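Please explain how this structure is held together, beginning with its charged side chains and ending with its nonpolar interior.

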Amino acid sequence: MNRRDLLTMIAAATGAAMLGGERALAYQQTSAGENIFSDADAAFLDEVAETIIPATDTPGAKDAGVGAFMTVFVSDCYPEREQAQFRDSMERISARAREDYGASFEEMTPDDRQEMLQAAANEARSFNEERKARMEQRRDQSTDVQSSADTAADEQPEEAAEPSMHWFTPIQQLTLFGFFTSRTGGTEVLRYEQVPGRYDGDVDYDGAPAWAT
């Protein structure tokens with residue numbers, strides 16, 4: 001699975017194009033900046049990511065160090081506005097844990113964590129799909145009716161004020177991206193085939209994990 005295919009899969013799973021995805025496909029060398037997150041932040045993100053991709057008979061997100069990966073990716077690849085949005089996502093998870101379960105996220109049981117984040121993921125997918133439908137409807141209308149300058153000016157602030165995606169989506173996306181581009185996810189969960197290698201175009205599928213290259 002190459003990065004472009006992975007980004008397509010993440011967009012399908014979350015209902016929104018991956019935030020910062022264009023930077024994930026950039027191959028030019030970039031300079032690493034200062035990590036804006038603490039070790040405690042990375043540990044918190046590890047717990048969130050492990051709830052999304054838990055260890056079973058295969059490694060989970062924590063085994064792949066996804067929490068630390070997220071802190072580096074957000075620090076180096078997100079502009080300040082998106083960094084603030086990501087920080088807000090972390091704070092919302094902590095706030096919801098206290099409000100709905102009376103405990104910090106770290107203190108919650110695995111079942112309660114799963115219940116809470118699954119609810120957030122369902123909300124996020126519905127939000128993102130509804131926003132996408134609204135945007136497509138606006139584009140269709142703009143091709144049928146030529147808006148006046150005044151009308152267009154009235155529409156722009158409305159679109160700018162609307163969030164580009166649900167608050168939970170960036171964490172969900174980076175968990176998937178970080179895990180499946182890690183050595184652990186790529187070689188111990190996906191089936192790894194070194195490239196270049198032999199091509200066989202007629203292979204019976206036995207239900208085993210997908211190929212990773």
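In what kind of interaction do the side chains of E47 and K62 meet? The model shown here is predicted, and in it these two side chains form a salt bridge, with a distance of 2.7 Å from N to O. The pair links distant parts of the chain: E47 belongs to helix α3, whereas K62 lies in the loop between α3 and α4, 15 residues apart. The two partners differ in their surroundings, because E47 is buried, at a relative accessible area of 19%, while K62 is partly exposed, at 37%.

E47 has another charged partner. R113 also forms a salt bridge with E47, and here the closest N and O atoms are 2.8 Å apart. Since R113 is located in helix α6 and E47 in helix α3, this pair ties together parts of the chain that are 66 residues apart in sequence. R113 is buried, with a relative accessible area of 10%. E47, K62 and R113 are thus linked in a network of salt bridges. As a general matter, side chains of opposite charge can pair when their charged atoms come close.

The structure holds six salt bridges. Another of them joins R92 to D88, whose closest N and O atoms are 2.8 Å apart. Both residues lie in helix α5, four residues apart, which corresponds to about one turn of the helix. R92 counts as partly exposed, at 40% relative accessibility, and D88 is likewise partly exposed, with a relative accessible area of 30%.

Attention may now turn to the nonpolar interior. In soluble globular proteins, nonpolar side chains tend to be buried together. In this model, the largest nonpolar core has 33 residues, and those with the most contacts inside it are F86, I93, F105 and F168. Two or more residues of this core come from each of the helices α3 (39–52), α4 (66–77), α5 (80–101), α6 (110–144) and α8 (169–180).

F168 offers a view of these contacts in detail. Leaving aside residues up to four places away in sequence, F168 touches I52, I93, L117, A120, A121 and A124. One of these partners, I93, is itself among the residues with the most contacts inside the core.

Taken together, helices α3 and α6 appear in both parts of this account: they carry E47 and R113, which are paired in a salt bridge, and each gives two or more residues to the largest nonpolar core.

Notes. Residues numbered from 1 in each chain as written. Predicted model: local features only at pLDDT ≥ 70, side-chain atom pairs only at ≥ 80, totals over all residues. Heavy atoms only, no water. Core = buried A, V, L, I, M, F, W, Y, C linked by side-chain atoms within 4.5 Å. Buried < 20%, exposed > 50% of the residue type's maximum accessible area, 1.4 Å probe, protein only. Contact = heavy atoms within 4.5 Å. Salt bridge = Lys/Arg side-chain N within 4 Å of Asp/Glu carboxyl O.
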